[in-house]
Amino acid sequence: MIEIKVPILPESVSDALLLDWHKSAGEPVMRDEILVEVETDKVVLEVPAPEDGILSEIVEQAGATVNAEQVLAKLAPGSVEPEATESKAVEVPSPVQESSAGTDDVRLSPAARRIVDEQGLDATRIAGTGKDGLITKQDALEYSSAGSKPVASDPGTEKPSAGASTPASTSQALNRPAPQGDREEIREPMSRLRQTIANRLIQSQQGAALLTTFNEVDMKAVMGLRSRYKDPFEKEHGIRLGFMSFFVRASVVALKRFPLVNAYIDGTDIVRHLYQDIGIAVASPRGLVVPVLRNCESMSNSDIEKQINDFGVRARDGKITMDELSGGTFTITNGGVFGSLLSTPIVNPPQSAILGMHKIQERPMVIDGEVQARPMMYLALSYDHRIVDGKEAVQFLVTIKDMIEDPARLLLDC
């Protein structure tokens with residue numbers, strides 16, 4: 001037997017959460033086929049099959065907390081025909097069991113079975129989207145949220161006494177109308193990533209003197225430049241020209257001029273970075289992640305756009321590595337892609353500042369004594385007032401504004 005183990009975790013990560021198995025005990029698997037995933041505080045790691053064979057035993061079930069190199073399953077090596085991986089699982093003891101409805105032909109993943117049992121769902125009515133009709137956790141959650149009713153209780157179930165109050169009787173006693181419609185609730189554990197995000201946000205607000213300053217930038221010049229060169233840019237570099245690369249390069253100029261925004265506090269010391277590693281906040285199905293662009297001072301617009309696009313694709317697929325999420329001297333977040341008009345972003349510790357971009361919206365502006373409609377964007381800079389003074393924060397934001405409203409200054413660095 002070959003033991004399937006948890007991958008080696010990064011030094012700062014002590015344990016991980018085991019997610020749903022993609023294979024059941026007794027199923028044939030091919031080399032490098034993904035068997036299960038483990039979720040750490042920041043990334044999701046895939047556990048592939050080291051050889052062809054039969055997954056003979058699953059040692060740890062989905063939802064378990066596991067450590068590095070802990071045994072998850074056992075694999076019986078042997079040649080497997082490619083067609084065999086598509087056939088029905090071999091009949092051996094498996095974690096996939098019948099639903100609480102008692103049918104023999106309904107197959108549930110461990111996480112789905114837990115939801116079915118806890119909520120009393122009728123598994124025969126749930127459409128399985130997994131392999132061979134397997135009902136996954138997502139299938140069970142979608143069926144439950146669609147308004148399904150719990151399976152009726154057994155005749156022997158104890159009924160409430162005559163004196164026991166019900167929601168309807170309580171509402172009548174308080175002279176309120178009884179709630180109408182489906183009022184079910186779903187309780188599910190927070191993911192490791194979401195727990196880490198929550199802890200770091202609280203840490204940032206409690207451990208720093210946060211303040212936010214605002215400004216607005218006229219996007220007409222950048223939009224005109226992008227409209228003029230987007231086609232030749234994409235033809236030359238194979239990537240679309242976006243606005244983020246302009247803001248990254250403008251931030252590099254501003255960080256050089258105001259190095260304390262690029263520094264952080266370590267005890268009673270101030271540590272100044274002589275380089276610019278800028279984190280870009282990216283939304284993923286499991287939560288917000290902030291991969292880092294390294295040495296932005298030496299990157300061109302095309303380099304930045306390619307790297308950000310790559311981060312976005314791999315964030316959706318859970319392929320961002322731990323190294324790519326670590327470090328960073330400054331962060332940019334763009335809530336405008338979701339329609340945010342104004343916000344106060346929270347600093348990502350131990351950094352000292354974060355730049356918030358927002359939705360581009362036409363507003364009336366006075367230009368040379370005349371009112372004109374201009375594409376405007378609000379900018380927000382949240383900063384740690386313990387290290388960055390208000391004057392520096394305001395001038396930092398004005399520098400970015402100047403660079404965006406006159407993009408030629410990015411080439412001349414003035």
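In this predicted model, quite a few strands help to cover the buried residues of helix α4: among what touches them are β2 (16-21), β4 (34-39) and β7 (65-66), along with β9 (210-218), β13 (282-284) and β14 (287-289). The residues tucked away under that cover are Arg 192, Leu 193, Thr 196, Ile 197 and Ser 204. Looking down the axis of α4, these buried residues fall within an arc of 135°, so they line one face of the helix. That fits a general rule: an α-helix has 3.6 residues a turn, so residues three or four places apart point the same way. Turn to the face of α4 that looks away from the buried side, and there sit Asn 199 and Gln 206, both exposed.

The length of α4 works out as well. The helix takes in 16 residues, 192-207, and at 1.5 Å a residue it should span 22 Å; the C-alpha atoms at its ends are 22 Å apart, so the two values agree.

Then there is strand β16, residues 330-334. This strand is mostly covered, with 4 of its 5 residues buried. β16 pairs with strand β12 (residues 278-280), the two running parallel and joined by 3 bridges. Here Phe 330 of β16 has Ile 278 standing opposite. Strand β17 (residues 353-357) is another partner of β16, again in the parallel sense, this time over 4 bridges. Within that pairing, Ile 332 is matched with Leu 355 of β17 as its bridge partner.

Definitions and conventions: Residues are numbered from 1 along each chain as its sequence is written. This is a predicted model: local features need pLDDT of at least 70, side-chain atom pairs count only at pLDDT 80 or more; totals for chains, interfaces and linings use all residues. Side-chain values use heavy atoms; hydrogens and water are left out. The expected span of a helix is 1.5 Å times one less than its number of residues. Buried means under 20% relative accessible area, exposed over 50%, partly exposed in between (1.4 Å probe, protein chains only). The arc is that of the directions from the helix axis to the C-beta atoms. Contact means heavy atoms within 4.5 Å. Two strands pair if DSSP finds at least two bridges between them.
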